Amino acid sequence: MSRMLIDLSDQARERVGPALGACPALELRAGEAAIPAELSEAVLLVVERGVVLLASGARDAARRMIEAVAGPGAVLVPPTPGAELRALLRAQLTALTPDAESALLREPDAAKAIMTALVAAVRDREESLAN
């Protein structure tokens, strides 16, 4: 079961479960990078298990910027061109499709869960930038 469904009521799970269940799941071994084509339809990524790193800048550049380190329950935007999503530990992600996003946002508890996860991600990035 996706982490997006954990705190939802049984009725809400029944309403959004099919749309979420149709979303692609992405498995990454430790050290493996996601292939951009695997994420092309995703509007959001949910880290189901493991830890992933989102970094920007050329891989062979002297300096890359770490945009996020995310673990289970985190919600990320898909990497932009030039950015990379890489598993630090074996990871599983759900790539939310536009249809799933719409279904989740129509369900108040699911919309709140997405918002809470996105706010946590912004706070984490702000904290990282402050240090």
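## Glu32 and Arg29

Glu32 is partly exposed in this predicted model, with a relative accessible area of 24%. That value lies above the 20% under which a residue counts as buried. The side chain of Glu32 forms a salt bridge with Arg29, and the closest N and O atoms of the two are 3.8 Å apart. Arg29 has a relative accessibility of 58%. Because the cut-off for exposed is over 50%, Arg29 counts as exposed.

## A network around Glu27

The bridge between Glu32 and Arg29 belongs to a structure in which a search finds six salt bridges. Three residues, Glu27, Arg49 and Arg90, are linked in a network of such bridges.

In one pair of this network, Arg49 bridges to Glu27, with 3.0 Å between the closest N and O atoms. The two residues come from distant parts of the chain: Glu27 sits in strand E1 (residues 25-28) and Arg49 in strand E2 (residues 44-56), 22 residues apart. Arg49 is partly exposed, at 32% relative accessibility. Glu27 is partly exposed too, at 40%.

Glu27 also meets Arg90 in a salt bridge, at 4.0 Å from N to O. Arg90 lies in strand E5 (residues 83-96) and Glu27 in E1, so this pair ties together parts that are 63 residues apart in sequence. Arg90 has a relative accessible area of 54% and is exposed.

## Helix H3

Helix H3 covers residues 108-130, which makes 23 residues. From its first C-alpha to its last, H3 reaches 33 Å, and the span expected at 1.5 Å a residue is 33 Å.

Which residues of H3 are buried? They are Ala110, Ile114, Ala117 and Ala121. An α-helix has 3.6 residues a turn, so residues three or four places apart point the same way. The buried residues of H3 pack against three elements: strand E2, strand E4 (75-76) and helix H2 (98-106). Strand E2 also holds Arg49, the partner of Glu27 in the salt bridge to strand E1.

## The overall fold

The protein has three helices and five strands. Along the sequence they follow the pattern α-β-β-β-β-β-α-α. The radius of gyration is 15 Å, close to the 14 Å that the globule rule gives for 131 residues, so the protein is as compact as a globular protein of that length. Taken along the principal axes, the C-alpha atoms fill a box of roughly 50 × 30 × 25 Å.

Of the 131 residues, 38% count as buried. Among contacts with a separation of 6 or more, 74% are between residues 24 or more positions apart. The protein exposes about 7700 Å², and carbon and sulfur atoms supply 55% of this area.

## Confidence in the model

How confident is the predictor, and what is the mean pLDDT of the protein? The mean is 86, and 94% of the residues reach 70 or more. Confidence is highest in strand E1, at a mean of 95, and lowest in helix H3, at 83. Strand E1 is the element that holds Glu27, and helix H3 is the one whose buried residues include Ile114.

How values were computed. Residues are numbered from 1 along each chain as its sequence is written. This is a predicted model: local features need pLDDT of at least 70, side-chain atom pairs count only at pLDDT 80 or more; totals for chains, interfaces and linings use all residues. Side-chain values use heavy atoms; hydrogens and water are left out. Helices (H or I, at least four residues) and strands (E, at least two) are DSSP runs, numbered from the N terminus. Buried means under 20% relative accessible area, exposed over 50%, partly exposed in between (1.4 Å probe, protein chains only). The expected span of a helix is 1.5 Å times one less than its number of residues. Contact means heavy atoms within 4.5 Å. pLDDT is the predictor's confidence in each residue, from 0 to 100. The radius of gyration is taken over C-alpha atoms; the globule rule is 2.2 Å times the number of residues to the power 0.38. Accessible areas come from the Shrake-Rupley method with a 1.4 Å probe; for residues, only the protein chains shown count as cover.
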